[in-house]
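Let's take a friendly walk through this structure, one neighbourhood at a time. Keep the sequence and the 3D view open as you read.

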Amino acid sequence: MDGTRVSALAIYRLQEHAGIIKKEIPSRLQKPRKGHLLSLSKNIKKKQKQKEKKKVSLNKGCSQVGTEGPDPLPKDNDFKVEGQPEAGAPQASPLVAEVEKRSRSLRRQKAQTETAELERVLPSTARAEEEREEESVLASAAVGKRSGTSSNQKIKRQTEEPERVQPRTQTVVVEEEREAGPSAVVEKESGVSKNQKSKKKGTLSQTAQGGEERKVEQTSGAVEKLSEGPGKQQVKRETAEPERVLPPAGWREEGRKVEQLPGTAEKLSEGPRKKKVRRQAAEPERDLPPTGRVDEDREVEPSLGAAKKQKIQRQVAERVRVPSPSPTPTPTVVIEKLSGGQKRKKVKRDLVVGDKKKVEGGAKGELVEGHSSCGAGSGAPSLQQVLQELGQIPHSKRRAARLFEWLISPLSVDHFFSWMWEKDAVLVRRGNPDYYRGLFSTAELDAVLRGEDVQFGQHLDAARYRNGQRETLNPPGRALPATAWSLYRDGCSLRLLCPQAFSAVVWQVLSVLQEHFGSMVGANAYLTPPDSQGFAPHYDDIEAFVLQLEGKKLWRVYKPREPVEELPQFSSPNFGPQGLGKPVLQEVLEPGDLLYFPRGFIHQAECEPGVHSLHLTLSTFQRNSWGDLLEPLLPAALQAAMEEDVEFRRGLPRDYLDYMGVQHSESGDPRRGPFLEKVQRLLTRLVQYAPVDAVADQRAKGFLHDCLPPVLSEKERALSVHGLPARWEAGEAWDVGAKITTETQVRLLRHGLTRLVSEDDSVLLYYTVENSRVYHQGEPKYLEIDSQYTDAIEYLFSSYPGFVQVGDLPCDNRKDQIALVTMLFEKGLLITKKPLTP
């Protein structure tokens with residue numbers, strides 16, 4: 001056992017025994033243990049003094065003794081002192097008790113493990129430098145002591161450092177309290193009052209990354225000196241040291257309790273030879289990675305006033321990225337604001353779903369670059385994977401939202417609708433040519449021309465733009481491959497007006513997206529030969545999403561020239577090259593890129609030499625504005641008001657033509673004021689007669705007529721009327737007559753599949769399942785419903801996507817329940833939970 005430790009503890013015990021330091025003995029330690037293995041003996045004292053190799057005066061204390069702190073104790077401070085005498089009983093020698101305590105407790109496995117772990121993380125070079133600095137400072141202090149330095153001199157540490165090294169994202173509670181037992185504080189006795197105590201409690205609170213709290217208990221960890229004379233004892237402690245032993249946030253043992261016992265410095269000999277100074281649990285923070293913390297570059301100064309400063313530079317990224325176990329990397333997005341051909345300023349950031357911060361800058365037009373955000377090898381799903389995923393989503397509205405999220409990824413949906421929808425043009429550049437693979441291709445267009453009845457003017461247009469003029473070169477009749485490809489070779493762009501009529505994948509994509517917008521979603525496919533332009537500059541009356549499928553194409557997008565062209569109700573005629581101004585977006589689209597621009601934004605596109613282009617334009621929100629809602633609403637409201645309100649039927653003033661009209665608008669006639677006030681009152685009163693719900697139903701009816709029919713999955717087909725096993729076989733009809741009973745469970749096929757509309761004295765149920773894939777090729781499809789069935793149909797609406805039992809429908813009787821469900825099932829509007837069998 002180290003004699004220095006015994007001497008320091010002996011001094012502490014004698015002070016306590018003499019009444020200089022008092023400590024309340026815990027109840028669990030008050031009962032003495034009989035049969036003490038060691039007894040008070042002069043021989044033991046003599047051996048201890050020999051080990052110390054110096055004389056220790058128990059009466060005057062030690063004026064120059066450095067102590068080495070014992071190894072850290074196990075957690076929870078469960079160090080037990082056996083053989084502690086009861087209060088008031090003759091006490092055995094503190095030296096002997098300490099010998100026994102050190103021989104039993106300080107060599108336990110937990111203390112050794114703790115010390116080994118803490119010392120292991122210390123860098124050898126940094127630790128050696130610290131040791132050299134500490135021994136130099138302590139040696140200087142010892143020399144000053146021997147040379148008669150004033151007794152009131154203190155050994156101080158720099159107190160500014162804890163604030164500078166304090167981590168921002170950690171929650172730690174540090175409690176320091178001097179306990180009865182070993183202490184690293186060397187005290188000098190000289191007329192000190194018996195009842196004086198030396199205690200210090202410090203609390204340091206910091207915020208942890210995960211919200212956890214760690215409790216670090218530290219006893220005396222610095223050299224202290226007691227003043228001589230009857231004055232009060234002053235204990236000056238280093239305030240930087242507790243912070244240095246705190247483990248950083250993100251340490252692999254989050255809930256760990258770290259305890260540091262007294263004795264951070266080793267004994268210094270009286271001669272010129274000095275022992276190295278060791279630190280326990282003071283250095284680990286410098287080795288542990290600063291995970292989860294945001295630290296600034298800072299300089300940490302060694303304690304004890306060392307002449308040489310040790311600089312520890314920490315450079316931590318503003319955002320600490322934790323590696324994800326999944327192979328999908330976090331998408332990094334670059335947003336560039338484009339302003340009239342000016343140089344773009346790039347702003348890099350992580351784009352998060354739900355981000356609603358608007359990008360700074362007043363110019364319209366944005367370029368969003370998504371790196372490693374999608375495609376093969378990046379973890380993002382392909383189009384085929386997304387379509388398969390949609391089949392696992394029970395609610396059709398959520399399917400539509402998921403597909404649109406994939407369409408504009410990595411752009412946030414909330415950010416798009418908050419800051420770009422109907423406001424800005426934006427280009428999403430992905431750098432992944434396979435993003436839209438399987439949607440549509442030139443080879444598929446060639447197959448359509450060969451195998452389908454494609455008519456010029458109805459399904460296909462051939463156009464080119466040369467010398468500021470657009471030409472449409474549509475020959476009459478069917479678009480045979482030889483004719484179509486000959487026009488292509490002559491520099492004409494081929495526009496397929498309804499690719500959904502020929503492509504099952506395009507049909508499925510549009511039929512899903514239309515439920516997300518609540519408006520028809522159409523498409524055109526454009527194939528442009530190299531070094532050509534098909535269409536003149538113009539703006540459209542739709543919200544446009546351009547999906548680049550093959551090749552490259554240079555796009556120029558211009559903001560509306562004047563307020564009257566913003567969000568127009570109709571498309572524009574062709575513009576010439578003059579008067580367009582500077583484009584807000586001028587970029588080359590490559591395969592996998594997405595370009596969006598609102599209605600009213602003028603645009604033109606041309607192919608560069610040596611490469612063709614194929615892109616698909618998705619369009620929506622045509623004639624879907626507030627004005628389009630009010631246009632039929634106001635006449636209906638006026639008609640209802642004239643029928644029900646006499647004020648609207650009262651006659652006009654006989655002389656109103658004498659002061660109203662354009663020729664009297666500036667006459668200043670006093671009769672104009674009351675007349676205009678009367679008109680305003682009637683218009684305000686007109687609102688209460690507006691049949692808003694009826695007009696909304698009529699718009700829903702028109703929307704269902706515009707819609708594409710739904711695409712059924714294999715599972716839905718098996719559970720619908722299309723999956724019934726009825727067939728012709730061996731000269732007769734088989735498996736006919738599958739019955740629906742009151743125990744059958746059913747639900748609607750889609751959320752937006754049907755609409756109940758009241759017209760005149762009838763209730764009509766409009767639906768989309770029998771619509772054509774060509775726009776408005778047939779009339780609206782509907783069923784006339786008896787009014788007694790409306791509650792049951794509304795019950796089916798509200799229950800979606802859950803299944804309901806036929807017997808639970810609110811009908812008058814069992815027969816009506818089965819009759820209604822059978823009618824809806826045979827129209828393909830319902831599916832059953834289990835396949836029906838005859």
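A good place to begin is valine 557, which stands opposite leucine 585 in β14. Please bear in mind that this is a predicted model. Valine 557 falls within strand β13, residues 553–558. Strands β13 and β14 run antiparallel and are joined by five bridges.

Now stay with β14, which spans residues 585–589. Which of its residues make up the covered face, and which the uncovered one? Leu585, Glu587 and Leu589 are on the covered face, while Gln586 and Val588 are on the uncovered face. In a regular strand, side chains alternate between the two faces of the sheet.

Another sheet can be found further along the chain. It is an open sheet of three strands in the order β24-β20-β25, with antiparallel pairing. Its edge strands are β24 (804–805) and β25 (830–832), each of which pairs on one side only. Strand β20, residues 745–748, pairs with β24 in the antiparallel sense over two bridges. To find this pairing on your screen, look for valine 746, whose bridge partner in β24 is valine 804.

Let's turn to the helices. Helix α10 (residues 396–408) and helix α14 (residues 504–517) have axes that come within 8 Å and cross at roughly 105°. An angle from 65 to 115 degrees counts as roughly perpendicular, so that is how α10 and α14 lie to each other. On the α10 side, the contact includes Ser396, Lys397, Leu403, Phe404 and Leu407. On the α14 side, Val509, Val512, Leu513, Glu515 and His516 are among the residues that take part. By class, this contact between α10 and α14 has nine nonpolar, two polar and three charged residues.

Helix α14 also turns up beside helix α17, which covers residues 692–706. The 15 residues of α17 reach 21 Å from the first C-alpha to the last, close to the 21 Å expected at 1.5 Å a residue. Which residues of α17 are buried? They are Val695, Asp697, Ala700, Phe703, Leu704 and His705. Their cover includes α14, α15 (626–644), β21 (754–759) and β22 (762–767).

Our last stop is alanine 792, in helix α19 (residues 790–799). Is alanine 792 buried or exposed? Its relative accessible area is 0%, and buried means under 20%, so alanine 792 is buried. Leaving aside neighbours within four places in sequence, alanine 792 is in contact with Leu809, Pro810, Cys811 and Leu820. Alanine 792 and glutamine 817 are 25 residues apart in sequence, yet 8.3 Å apart in space, C-alpha to C-alpha.

Technical notes
Residues numbered from 1 in each chain as written. Predicted model: local features only at pLDDT ≥ 70, side-chain atom pairs only at ≥ 80, totals over all residues. Heavy atoms only, no water. Pairing = 2+ DSSP bridges. Helix = DSSP H or I, 4+ residues; strand = E, 2+ residues; numbered from the N terminus. Axes fitted to C-alpha atoms, helices over the stretch in contact; angles between N-to-C directions. Parallel < 35°, antiparallel > 145°, perpendicular 65-115°, else oblique. Contact = heavy atoms within 4.5 Å. Nonpolar A, V, L, I, M, F, W, Y, C, P; charged D, E, K, R; others polar. Expected span 1.5 Å × (residues − 1). Buried < 20%, exposed > 50% of the residue type's maximum accessible area, 1.4 Å probe, protein only.
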